[in-house]
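Please open the model in a viewer and keep the selection tool at hand. The tour below moves from one selection to the next and states what is found at each stop.

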Amino acid sequence: MLAIIGGSGLAQLANLEVTGRLIVRTPYGEPSGALTFGNIFGREVVFLARHGYGHILPPHEVNYCANLWALHSQNVKDVVAIASVGGIRADLSPGTLAIPDQIIDYTHGRKSTFHARTDRAVTHIDFTHPYCEAMRQRLLKAAAAAGEPAVAGGTYAATQGPRLETAAEINRLERDGADMVGMTGMPEAALAREIDLCYATIAVVVNHAAGRGASARGIPMADINEVSQRAMARVRRILDQLAASWE
Ligand code: HPA
């Protein structure tokens, strides 16, 4: 089954015919909320709002382990994650959608593995290519079919938050090779890999990163909501197309 993890600005899906809700308990604690099951154009999907319904959980308090385990426990194999980001690279201006292909992790203090110290052997996963290429290609195809431009590739920097970055931090991220910055991409992607979920992200640029473009003097927080709402309508069209063409 296909799962969609909605981020800020996407707490529900317009075309989802809801068939049920399920509160899942996991060995890792409580997920962000109930799983919502339903159909989009006849395709069964399950939806989870990463920040809870009502946006109650900040990025560093999301229980990423519980969220992914809950999906895994319901026979989910494929996951599309929606994530708002600030654009660092000049062409990633507000309103742009991107399907990143790399990650740099700057988060700390988050539970970032399912493996416990009691596991018999130390387990290392291959994470050279952190996103599932099959899902990335599906997303790019769905975006093209929906007539919604999406930038193919880019490096996602995952910061700890909840505060936004300083201009100097953004300069450092750029020197590191980051194209966009968000707060929820990790450990989500790594946990998905640990349990063999085919996971990829639609990154939604909702602001210029700190010190860049319209954020030269500060991030215009008041504008973010409107940009996000318009962009999420486009994300929904891509998800509709993805579900409609899913084989
Ligand atoms: N920085 C970090 N996370 C974000 C941003 C940003 O500028 N915009 C949306 N999520």
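How many nonpolar, polar and charged residues does the lining of the largest pocket have? The lining of this pocket has 14 nonpolar, 14 polar and 2 charged residues. The structure on display is a predicted model, and the values that follow are computed from it.

**First stop: the largest pocket**

Begin with the pocket itself, whose volume is about 580 Å³. Its lining comprises 30 residues, and those closest to its centre are S8, S84, L164, V206 and I224. Selecting these five gives a suitable point on which to centre the view.

Next, colour the elements β5, β10, β11 and α5, each of which supplies at least two residues of the lining of the largest pocket. Among them, α5 holds the largest share, with 6 residues.

**Second stop: the ligand**

Now display the ligand, which sits in the largest pocket. The elements that give two or more residues to the shell around the ligand are β5, at residues 78-87, β10, at 180-182, and β11, at 198-208. Strand β5 gives the most to this shell, with 3 residues.

Select the surrounding residues as a group: S84, V85, G86, L164, E165, V181, G182, M183, V206 and N207. By class, the shell divides into 5 nonpolar, 4 polar and 1 charged. Three of the centre-lining residues of the pocket, S84, L164 and V206, can be picked out in this selection as well.

**Third stop: polar atoms around the ligand**

With the shell still shown, draw distances from the nitrogen of the ligand. For N207, select the side chain: an N or O atom there is 2.6 Å from a nitrogen atom of the ligand. For the other two residues, select the backbone instead. A polar backbone atom of G86 lies 3.3 Å from a ligand nitrogen, and for a polar backbone atom of S84 the distance to a ligand nitrogen is 3.4 Å. A surface representation is useful here, as the protein covers 91% of the 260 Å² of accessible area that the ligand has on its own.

**Fourth stop: the second largest pocket**

Hide the ligand and select Q137, R138, K141, A142, A145, Q241, L242, S245, W246 and E247, which line the second largest pocket. The elements that give two or more residues to this lining are α2, at residues 133-146, and α5. Here the largest share, 5 residues, comes from α2. The space in this pocket amounts to about 220 Å³, and its lining has 4 nonpolar, 3 polar and 3 charged residues.

**Final stop: the cavity**

Which residues line the largest cavity? Select L13, A14, N15, I40, R236, L239 and D240 to show its lining. Helix α5, spanning residues 221-244, gives the most to this lining, with 3 residues. The lining has 4 nonpolar, 1 polar and 2 charged residues by class. The volume enclosed is about 40 Å³, and a search of the whole structure finds 1 cavity of 30 Å³ or more.

To close, keep α5 highlighted and step back through the stops: this helix supplies 6 residues to the lining of the largest pocket, gives two or more to that of the second largest pocket, and contributes 3 to that of the largest cavity.

Definitions and conventions. Residues are numbered from 1 along each chain as its sequence is written. This is a predicted model: local features need pLDDT of at least 70, side-chain atom pairs count only at pLDDT 80 or more; totals for chains, interfaces and linings use all residues. Side-chain values use heavy atoms; hydrogens and water are left out. A residue is near a molecule or strand if one of its heavy atoms lies within 4 Å of it. A polar contact is a pair of N or O atoms within 3.5 Å; within protein, one must be able to donate a hydrogen and the other to accept it, and residues adjacent in sequence count only if both atoms are side-chain atoms. Accessible areas come from the Shrake-Rupley method with a 1.4 Å probe; for residues, only the protein chains shown count as cover. On a 1 Å grid over the protein atoms alone, a cavity is a set of points where a 1.4 Å probe fits but cannot get out, and a pocket is an open set with protein on both sides within 12 Å along at least five of seven lines; lining residues have an atom within 4 Å of a point. A molecule sits in a cavity or pocket if more than half of its atoms lie within 2 Å of its grid points. Helices (H or I, at least four residues) and strands (E, at least two) are DSSP runs, numbered from the N terminus. Ala, Val, Leu, Ile, Met, Phe, Trp, Tyr, Cys and Pro count as nonpolar, Asp, Glu, Lys and Arg as charged, and the others, Gly among them, as polar. Grid points are joined across faces, edges and corners, and a volume is the space filled by probe spheres set on the points.
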